[in-house]
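Student: Could we go through a structure together? I would like to ask about it piece by piece.

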Protein chains: 2
Amino acid sequence: MLSKNRIKEVTALHNKKFRNLENVFIVEGEKVVGDLLLSGWKVLTIFATPDYINRNRLSGEISCEVCTEDEMSKITALTTASPVLAVVEMPPTDVEVNMQSGLKLVLDNVKDPGNFGALCRIADWFGIDEIICSNDSVDCFNPKVVQSSMGSLFHLKVVYKDLTELFRDNLAQNKLPVYGTLMDGENIFTAELSQSGFIVLGNESNGISLEVEKYITKALTIPIFSNAKNGLPDSLNVSVAAGIVCAQFRK
Amino acid sequence: MLSKNRIKEVTALHNKKFRNLENVFIVEGEKVVGDLLLSGWKVLTIFATPDYINRNRLSGEISCEVCTEDEMSKITALTTASPVLAVVEMPPTDVEVNMQSGLKLVLDNVKDPGNFGALCRIADWFGIDEIICSNDSVDCFNPKVVQSSMGSLFHLKVVYKDLTELFRDNLAQNKLPVYGTLMDGENIFTAELSQSGFIVLGNESNGISLEVEKYITKALTIPIFSNAKNGLPDSLNVSVAAGIVCAQFRK
């Protein structure tokens, strides 16, 4: 049986402040925990129903707490509790960016956890190993990000960094191209795209910030094909636009 | 001042049952209401703060109720109330599909309002005028769909229809191609794509249903470029996949 204190300890991890204090985060759902267990990320504790434990052979190194469904519903960050919740050690996010080669997504103040999760799936799908986030972007260990990344988070290196610093370093070093979608960029379908560089994605409401826009060396545009006679479409969702852009880099 | 009854009448429209009973739905937010007013859709009543009314010249044909911010927060379906909420007549969704030509999105049990909204923006952006939804798909007049479509809903024709019936009609008539992304389809980046046809999108968890899959005449695949050594990415979000597919049809 879970003590009140134990429940409090786990639910505190719904909150960024306590995740950072303890250096751990939570992962829920059979599919996502399944991917986690394959990933090599360090799992500290698993809370699970007897049924889940019977169906899955868990490593002896992971401490396991058997819970009733009712207890699971007390610790979950989801609307409907899953039969398993893992407490996982956070990998460091202040690590070095590979400034020599490779494609990288750069998130300039992306706020929506669902978008961040979708961006993880895009990066994973298109073989982009690094996501570099401005310090004001949503926390990648937010339970909604983890959930909506569908396990792709565990295949990626996520770095939080001042973006001005990142792009200054880039100018001082290898000068990888910096791509970003702007209103008046080159047509993405005909532009020449390299296999190394930064792909900058902006905030859901305000797009790419002026400070970051300065560093874009190749502005791209997804052309509009709208037939609407009563107003043009406003924009594409940031993860949809990222999917279209990343596909063009790899096709 | 809004009476309790009036508040009840508006909040009832958060619910599909009452929307269908009254044949009206609600639209909120300055940007989205702005697009609505340009669209030609029939606006019945606008609830707005004095400040909004001063800043916007509204047609004399629309009945307008002046509200305090507190009253706006009582009728909103959003987390934070906007200064304006419009009650709008629903256009019919049991209309004929154009079976002769044009690209159409077909939603096979898409459930998430945010995805539906993102799909409206994609259709609008890429000049796809029709969205045909299975009867079990989310209601396009759901406040979250309206909100996340960012005004694109007002540029589209949305039809709810039994999809088996739709595709049987298609077989009996013009036989437009039916596209869908499946695991073992043709590479979307090299496949020949026509400018008329149906693009089928599946449910968030289960993909395209078996009954609908039978009617796909050209299966497509977005190839995976993942580098992950510890498991392949599961899938792309349905709206991200749709964005990549629609872009390939238009590029």
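Tutor: The discussion below takes up the fold, the sheet, the contact between chains and some single residues.

Student: Before anything else, what kind of model is this?

Tutor: It is a predicted model.

Student: How many helices and strands are there in chain A?

Tutor: Chain A has 10 helices and 10 strands. Its C-alpha atoms fill a box of roughly 60 × 50 × 30 Å along the principal axes.

Student: And what share of chain A is buried?

Tutor: Buried residues account for 45% of the 251 residues in chain A. As for contacts between residues at least 6 apart in sequence, 76% of those in chain A join residues at least 24 apart.

Student: Now the sheet. What is the order of the strands in the open sheet of chain A?

Tutor: The order is E7-E6-E5-E9-E8-E10, six strands with parallel pairing. Strand E7 (157-160) and strand E10 (218-221) of chain A are the edge strands, each pairing on one side only. From one strand to the next, the twist averages 35°.

Student: Which strands does E5(A) pair with?

Tutor: E5(A), residues 103-107, pairs in the parallel sense with strand E9 (residues 197-201) of chain A over five bridges. It also pairs in the parallel sense with E6(A), over four bridges.

Student: Which residues stand opposite each other there?

Tutor: A:Val106 of E5(A) stands opposite A:Val200 in E9(A). Towards E6(A), A:Lys104 stands opposite A:Glu130.

Student: Does anything follow on from A:Glu130? I mean, which residue in E7(A) stands opposite A:Glu130?

Tutor: That residue is A:Lys157. Strand E6 (residues 130-133) of chain A and E7(A) run parallel and are joined by four bridges. A:Glu130 therefore stands opposite A:Lys104 in one direction and opposite A:Lys157 in E7(A).

Student: Back to E5(A): is the strand mostly covered or mostly open?

Tutor: Strand E5 of chain A is mostly covered, since five of its five residues are buried. A:Leu103, A:Leu105 and A:Leu107 point one way, A:Lys104 and A:Val106 point the other way, and all are buried. In general, side chains in a regular strand alternate between the two faces of the sheet.

Student: Changing topic: how is chain B related to chain A?

Tutor: A rotation of 180°, with 0.0 Å of shift along its axis, superposes chain B on chain A with an RMSD of 0.0 Å. That is the relation of a two-fold axis. The same surface serves both copies, and 100% of the contact residues of chain B recur in chain A.

Student: How many residues take part in the contact?

Tutor: The contact takes 37 residues from chain B and 37 residues from chain A. On the chain B side, the elements giving two or more residues are helix H3 (30-39), helix H6 (113-125) and helix H10 (238-250). The residues of that side divide into 16 nonpolar, 14 polar and seven charged.

Student: Tell me about H10(B). What is its extent?

Tutor: H10(B) has 13 residues and reaches 18 Å from its first C-alpha to its last, close to the 18 Å expected at 1.5 Å a residue. Because 11 of its 13 residues are buried, H10(B) is largely enclosed by the rest of the structure. The buried residues include B:Val238, B:Ile244 and B:Cys246.

Student: What do the buried residues of H10(B) pack against?

Tutor: In chain A they pack against helix H6 (113-125) and helix H10 (238-250). In chain B they pack against H6, strand E8 (178-187), strand E9 (197-201) and strand E10 (218-221).

Student: Which residues have a positive phi although they are not glycine?

Tutor: B:Asn23 is one of them, with a phi of about 60°, and B:Met150 is another, with a phi of about 55°. B:Asn23 lies in the loop between helix H2 (16-22) and strand E1 (24-28) of chain B. B:Met150 is in the loop between helix H7 (143-148) and strand E7 (157-160) of chain B.

Student: Is each of these residues buried or exposed?

Tutor: B:Asn23 is exposed, with 11 other C-beta atoms within 10 Å. B:Met150 counts as buried, with 21 C-beta neighbours inside 10 Å.

Student: One last residue: where is B:Glu96?

Tutor: B:Glu96 is in the loop between strand E4 (84-89) and strand E5 (103-107) of chain B. B:Glu96 is exposed, with 9 other C-beta atoms within 10 Å. Its C-alpha atom is separated by 9.6 Å from that of B:Lys161, 65 residues apart along the chain.

Technical notes: Residues are numbered from 1 along each chain as its sequence is written. Chains are lettered from A and ligands numbered from 1 in the order in which they are written. This is a predicted model: local features need pLDDT of at least 70, side-chain atom pairs count only at pLDDT 80 or more; totals for chains, interfaces and linings use all residues. Two residues are in contact if their C-beta atoms, placed from the backbone, lie within 7 Å. Ala, Val, Leu, Ile, Met, Phe, Trp, Tyr, Cys and Pro count as nonpolar, Asp, Glu, Lys and Arg as charged, and the others, Gly among them, as polar. The expected span of a helix is 1.5 Å times one less than its number of residues. A residue is buried if 20 or more other C-beta atoms lie within 10 Å of its own, exposed if 12 or fewer, and partly exposed in between; C-beta atoms are placed from the backbone. Two strands pair if DSSP finds at least two bridges between them. Axes are lines fitted to C-alpha atoms, for helices over the stretch in contact, and angles run from 0 to 180 degrees between N-to-C directions. Copies are superposed by least squares on the C-alpha atoms of residues with pLDDT of at least 70 in both.
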